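Reader: I would like to go through a structure feature by feature. Please give the general idea each time, and then the case at hand.

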Amino acid sequence: MDFGFTEEQQLFRASVVEFAKRELTPEKVKNWDRSASFSPELFEKLAQAGLAGIALPQEYGGQGADSVTVGIAIEELAKFDFNVANLIIIDNVLSAGILANYGREELKQAVLPQITSGKKHMGIALTEPHTGSDAANIKTIAKKEDGFYVLNGEKASVSMVGLASYFVLFAKTAPELGSKGISAFLLPMDAEGVQTYTFDDFGYRPLKRGGISLKNVKLPFQNLIGQENEGFKIVMKQFDFSKTLLSLACIGTALAALDDALSYAKQREAFGRPILKFEAVQFRLVEHYTLLEAARLLCYKTLWLRDKGLPYTKEAAMCKWWIPRLCVEAIHDAIITIGNPAYSKDYPQEKRLRDVMGIEIGDGTADIQKIVVAREAFGREFVPYK
Ligand SMILES: Cc1cc2nc3c(=O)[nH]c(=O)nc-3n(C[C@H](O)[C@H](O)[C@H](O)COP(=O)(O)OP(=O)(O)OC[C@H]3O[C@@H](n4cnc5c(N)ncnc54)[C@H](O)[C@@H]3O)c2cc1C
């Protein structure tokens, strides 16, 4: 067994930290949250640092990094801003990742360089107003008519609306087949018949969650990603990667919260001594650091399995059911450790709590992840539904 990172990975981690210290300053991060939008310079800087295309193939301008290396970038960026880490996961790993793995070559050549250069962004649209966890139950439909797919329906609770120029969108091509009748499409957001609205979220704000309505939207056949009716399999596979990275992003953010609480507890005095001398305070921090270390190991093991080409669906679902909640609790206790100042919006702690909480729902709730773990560990015959 070897729990170490390679020298190259350690150097890379240090370079991401340098980048984040320079470009993700507390002032900028606060502004992006308050204004619910990233600055365009950020995208340029991410591209220059090779982070906008970190997981994408080199032939399209990406870095083609292995999964563990992508995890390192996500963990470190999330220590400075959870939302920037998440932007890379949704844009690059999840959405553009699907296009890179399954898209037609002409489409990849046309779109992926726009993503790796940070000029354009992509999102993923699966959820609908009436269904989230039961994703096979979507109603958006794509019918073949006159040499096009014609799409009608509505997507809701989708990240990156108002930011992304393209979406990987899922629609039924054979409604009678349930999850086996769903296909993936590349939707350019300037297509005729597309309308959007955004939510006023309490966290995750620059990622602009919202809805997309589709009225007779015509897409050429080449915008089909993968084979017809393969969409559900495609998205679930890519979710295994994104779930693990989202869990690492939660950990990075929670570690930053604990580190702030630790620094504070070393210098804040009560009853004539630093509060860190009180066992209630130090044990609280010790317990969270211990659990986060275990969680971190699970994430990196999961990414390592992916890099080795081994199955990792079970481990990814273990990460996702356990870690977002664990991190919410760690950040909560970091706030309690600091006391009254941390309750203010002037402190970064409340933002961390708001942002990380979104991942208790986004990409699938803990309830659904536990069903996946049970399916993988105990057998399909114990899945509670067909
Ligand atoms: C911050 C954020 C970002 C998101 N980004 C995207 C995105 O980019 N693209 C996208 O397509 N979607 C996105 N989503 C949507 C997200 O994937 C769904 O919200 C999620 O899958 C849960 O669906 P739901 O909210 O409709 O809850 P529901 O499915 O209605 O579930 C409600 C509750 O019932 C529980 N439940 C449901 N079924 C079961 C069951 N079988 N057993 C036990 N409990 C069950 C759930 O765990 C949950 O607690 C995002 C959501 C959030 C909050």
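Author: What follows takes the ligand site, one strand, two backbone angles and one buried side chain in turn. The model is predicted.

Reader: Let us begin with the ligand. Which of the 20 residues around the ligand come nearest?

Author: T127, S133, S157, T365 and D367 come nearest among those 20 residues.

Reader: Which polar atoms lie beside an oxygen atom of the ligand?

Author: One reads such pairs by asking whether the protein atom belongs to a side chain or to the backbone. T365 places a polar side-chain atom 2.5 Å from a ligand oxygen, and D367 places one 2.6 Å from a ligand oxygen. For G132 the atom is a backbone N or O, 3.4 Å from an oxygen atom of the ligand.

Reader: How much of the ligand's accessible area does the protein cover?

Author: On its own the ligand has 970 Å² of accessible area, and the protein covers 65% of that.

Reader: Which elements give two or more residues to the shell?

Author: They are β1 (122-125), β3 (148-158) and α11 (366-378). Of the elements, α11 gives the most, with 3 residues. By domain, at least three shell residues come from domain 2 (123-229), and at least three from domain 3 (232-382).

Reader: How do the shell residues divide into nonpolar, polar and charged?

Author: There are 9 nonpolar, 8 polar and 3 charged residues in the shell around the ligand.

Reader: Now a strand. How should I read the two sides of β5?

Author: Side chains in a regular strand alternate between the two faces of the sheet. In β5, I182, A184, L186 and P188 point one way, while S183, F185 and L187 point the other way.

Reader: Are the residues on these two sides of β5 buried or exposed?

Author: Both sets are buried. Strand β5 spans residues 182-188, and 7 of its 7 residues are buried.

Reader: Which strands are joined to β5 by bridges, and how do they run?

Author: With a pair of strands, one looks at the number of bridges and the direction. β4 (residues 166-172) is joined to β5 by 7 bridges, and the two run antiparallel. Within this pairing, Y166 stands opposite P188. β8 (residues 224-225) is joined to β5 by 2 bridges, again antiparallel. Here F185 stands opposite L224.

Reader: Next, the backbone. Which residues other than glycine have a positive phi?

Author: Two cases can be given here. K208 has a phi near 45°, and N229 has a phi of about 70°.

Reader: Where in the chain are K208 and N229 found?

Author: K208 sits in the loop between β6 (194-198) and β7 (210-220). N229 is in the loop between β8 and α7 (231-267).

Reader: Why does K208 count as partly exposed?

Author: The class follows from relative accessibility, and partly exposed lies between the cut-offs of 20% and 50%. K208 is at 23%, so it counts as partly exposed. N229 is at 25%, so it too counts as partly exposed.

Reader: Last, a charged side chain. Where is R352, and why is R352 called buried?

Author: R352 is in helix α10 (residues 349-357). Its relative accessible area is 12%, and therefore R352 is buried, since buried means under 20%.

Reader: What does the side chain of R352 make a polar contact with?

Author: For a buried polar group, one looks for its partner. The partner here is the side chain of D260, at 2.9 Å.

Technical notes: Residues are numbered from 1 along each chain as its sequence is written. This is a predicted model: local features need pLDDT of at least 70, side-chain atom pairs count only at pLDDT 80 or more; totals for chains, interfaces and linings use all residues. Side-chain values use heavy atoms; hydrogens and water are left out. A residue is near a molecule or strand if one of its heavy atoms lies within 4 Å of it. A polar contact is a pair of N or O atoms within 3.5 Å; within protein, one must be able to donate a hydrogen and the other to accept it, and residues adjacent in sequence count only if both atoms are side-chain atoms. Accessible areas come from the Shrake-Rupley method with a 1.4 Å probe; for residues, only the protein chains shown count as cover. Helices (H or I, at least four residues) and strands (E, at least two) are DSSP runs, numbered from the N terminus. Ala, Val, Leu, Ile, Met, Phe, Trp, Tyr, Cys and Pro count as nonpolar, Asp, Glu, Lys and Arg as charged, and the others, Gly among them, as polar. Domain bounds come from an automatic or database domain assignment. Buried means under 20% relative accessible area, exposed over 50%, partly exposed in between (1.4 Å probe, protein chains only). Two strands pair if DSSP finds at least two bridges between them.
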